[in-house]
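Load the model and keep the sequence beside it. The walk below goes from internal spaces to helix packing and then to single residues.

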Amino acid sequence: MAAKKQESNNKSNKRKQNTDAKANTDSSFSKRPKLAVSKSENNQVKKPFKPFKKQNFSKFKSQPGEEKTTPLSKRERRIHAKELTEARKKRRKQHYTLEHELARLWEKMRQRNIAKEERSKIISEAILKMKGKIPEIASSHVSSRVLQTCVKYCTQAERDTVFDELKPHYLTFATNKYAIHLVMKMLDNASKKQLADFISSLRGHAASLLRHTVGSVVIEHAYQLGNAAQKQELLMELYSTELQLFKDLSSMKESRLSDVILKLNLQKGSVLRHMASVIQPILEKGIVDHSIIHRVLIEYLSIAGKTSAAEIIQQLSGPLLVRMIHTRDGSQIGILCVKHGSAKERKKIVKGLKGTVGKTAHFQYGSLVLACIVSTIDDTKLVTKVVIRELQSILKELVLDKNGRRPLLQLLNPNCTRYFSPDEMASLSLSISSLNAMGELEINSETKPLKDEESSVKGQQWERNPSIRRQELLVGSGLAENLIDICIENAEELLRSNFGKEVLYEVATGGSGGILQETLGDKLNTLHEAIATLAAKSKSEESDKDHVLENFHSSRTIRKLVFESSMFATTLWKKALKGKCEHWTQGHSVKVICAFLESSDAKVRKLAKEELQPLIDSGTLKLPEKRQPANEG
């Protein structure tokens, strides 16, 4: 028995040693040092971990003198939570109760079917409640909306009251994301004096506000609403510190910066440094959507040196430029970037347009930039891939659109004054004097020997032959063939359209220089026959609308085609007019008939003279005296 007890004691000692060893190894590997514990704690047996169980506090008996608390229902808990939220808002917001009342009135005053008298009564009540507290509550998203509605529908006297209270706080509200909408609504409804006061309050702060994402919107809105003198006042501050400090200097008739510098004898270097300090932060933040910034950039490029201008073009080349070309000055900046940018920068510009070409083509000024791209950039593969392919996807829509047809017309008949106004032609011919390659070449040829001139040309970009570029973009890309197909399928609609008729005319004549005749002559003949087929229809077949020979737009287009294309004139005569001229001696169709006798091509005149001369002799067909056909023996 003693032996068995000794063995059991040895086993228990071994177990203790093993547990101690494990404890020692665990402690040696643990990273955090353990606190020293007492022997009594070590000797205690560790109890296994039991997860925490939620205690049912309702089981606890309440002390004597305390009321028993019954559990709240879900509805009661929601009401209690709402009450707590309301209490917190009241403590945090000074005018919480007032805003709550204004929101209730706003729901009534903004209804569309409310009577004017009732709305005026509610607005007067709201303004009376806000009086004296407008500057404090205008920054709230609720009160700002109420004030906007009040300013829109209130009387002039009430509006003046709101203006007077907010006048000392214009600059603060101009940078607040909620109050800005109130400021813009005030400007929309402001009198001339109030607008002038607001623009005067911006004096000295225009540059800093333009660098602010919210404040720049206010400056742009004021710039759009202001007259020429007020616009000039905002711009002058951005040109020079002298013009910013002295108000009399900014009230000048000269609008161009170069003229201002000459008249006031300003230092050009100082002006450039100041403008660069204004422009650079704006470009770095990407705030380039506003027309006032576009104006400043155009003026800066007009006086900037070669290096400064090149840096601006490099910064703008890319997606930033796409956001600028919706304004007149912005499109001019886009044209300058395309003309003077390097091959790498031009590539960035074209890639930045990806996905927006169709939308850009519908803008008045964006279409000018596209016209400049297709007539300037030599990388025809990239232009075809990005620009031409997007134009082809909406070709019919573009042909019938006033602005959308311009890139197409630029390819068909480059720089034609029939399709671009003098102002637009001036924009397309813009250049930066410091980066103008031709100007540099002329100076170098007069002042330097040939070797120096060659070294100066080395850095300039080589330009391809414009006719080759045009051939690749128009014919090589398949655009011309698609255009002819569109014209054949929609000949009648295009002839009657005020804008589509011009694209049809250019396509039917083969484009400037006959660029379509060589490769697409057969398709052009098919188009001529399609137009002649429409003209060959009798009047009775077209009861609901005018015949193409009697319609104002179509008759003049067909007349021009007779003058320009002898092939079309021959097809039209043989298929539609031969033996039928007597039916077309009245109205707009007379112009088409007379065009055969007025044509500069002798074959066309001879073709029609045999039938038309008797009509002239009998007085059925009358020609203007200056346009009587010459006697041919």
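The second largest cavity in this predicted model has a volume of about 40 Å³. Its lining consists of Gly-318, Leu-321, Val-322, Ile-325, Ile-349, Leu-353 and Val-369. By class, that lining has six nonpolar residues, one polar residue and no charged residue.

How many cavities of 30 Å³ or more are there? The count comes to two. The largest cavity holds about 60 Å³ of space. Leu-210, Leu-238, Val-278, Ile-279, Ile-282, Ile-293, Val-296 and Leu-297 line the largest cavity. Two elements give two or more residues each to this lining: α18 (268–285) and α19 (291–303). The lining of the largest cavity is made of eight nonpolar residues, with no polar and no charged ones.

Now step back to the whole chain. The protein has 40 helices and zero strands. Of its 633 residues, 43% are buried. Take the contacts with a separation of 6 or more: residues 24 or more positions apart account for 70% of them.

The UniProt record, an unreviewed entry, annotates "repeat: Pumilio" over residues 129–164, 165–200 and 201–237. Two of these spans can be described further. Residues 165–200 are 72% helix and 0% strand, and the end C-alpha atoms of this span lie 17 Å apart. Residues 201–237 are 73% helix and 0% strand, with end C-alpha atoms 13 Å apart.

Next, look at one helix pair. Helix α13 covers residues 215–225 and helix α14 covers residues 228–239. Their axes come within 7 Å and cross at roughly 145°. Which residues of α13 and α14 meet? From α13 come Ile-219, Ala-222, Tyr-223 and Gln-224. From α14 come Lys-231, Leu-234 and Leu-235. The residues of this contact divide into five nonpolar, one polar and one charged.

Move on to α17, where Leu-257 sits. Is Leu-257 buried or exposed? Leu-257 counts as buried because its relative accessibility is 0%. Leaving aside neighbours within four places in sequence, Leu-257 is in contact with Tyr-239, Val-271, Met-275, Glu-299 and Ile-303. One of these partners, Val-271, is 14 residues from Leu-257 in sequence and 9.6 Å from it in space, C-alpha to C-alpha.

Follow the chain into the loop between α17 (257–264) and α18, the place of Asn-265. Most residues other than glycine have a negative phi. Asn-265 is not a glycine, yet its phi is positive, at about 55°. Asn-265 counts as exposed because its relative accessibility is 67%.

Asn-415 also calls for a look at its backbone. This residue has a positive phi of about 50°, although it is not a glycine. Asn-415 lies in the loop between α28 (406–412) and α29 (422–428). With a relative accessible area of 42%, Asn-415 is partly exposed; the partly exposed class runs between the 20% and 50% cut-offs.

Finally, turn to α35 (500–508). Why is α35 described as largely enclosed by the rest of the structure? Nine of the nine residues of α35 are buried, so the rest of the structure largely encloses this helix. The buried residues are Gly-500, Lys-501, Glu-502, Val-503, Leu-504, Tyr-505, Glu-506, Val-507 and Ala-508. What covers them includes α27 (395–399), α28, α33 (479–489), α34 (491–496), α36 and α37 (552–564).

Just after α35, Gly-510 takes a positive phi of about 90°. Gly-513 is found in the loop between α35 and α36 (517–536). Gly-513 counts as exposed, at 82% relative accessibility, whereas the residues of α35 are buried. Gly-513 and Leu-412 are 101 residues apart in sequence. In space, their C-alpha atoms are 9.2 Å apart.

Definitions and conventions:
Residues are numbered from 1 along each chain as its sequence is written. This is a predicted model: local features need pLDDT of at least 70, side-chain atom pairs count only at pLDDT 80 or more; totals for chains, interfaces and linings use all residues. Side-chain values use heavy atoms; hydrogens and water are left out. Axes are lines fitted to C-alpha atoms, for helices over the stretch in contact, and angles run from 0 to 180 degrees between N-to-C directions. Helices (H or I, at least four residues) and strands (E, at least two) are DSSP runs, numbered from the N terminus. Contact means heavy atoms within 4.5 Å. Ala, Val, Leu, Ile, Met, Phe, Trp, Tyr, Cys and Pro count as nonpolar, Asp, Glu, Lys and Arg as charged, and the others, Gly among them, as polar. On a 1 Å grid over the protein atoms alone, a cavity is a set of points where a 1.4 Å probe fits but cannot get out, and a pocket is an open set with protein on both sides within 12 Å along at least five of seven lines; lining residues have an atom within 4 Å of a point. Grid points are joined across faces, edges and corners, and a volume is the space filled by probe spheres set on the points. UniProt positions are given in the numbering used here, feature names are shortened, and annotations may be inferred rather than shown by experiment. Buried means under 20% relative accessible area, exposed over 50%, partly exposed in between (1.4 Å probe, protein chains only).
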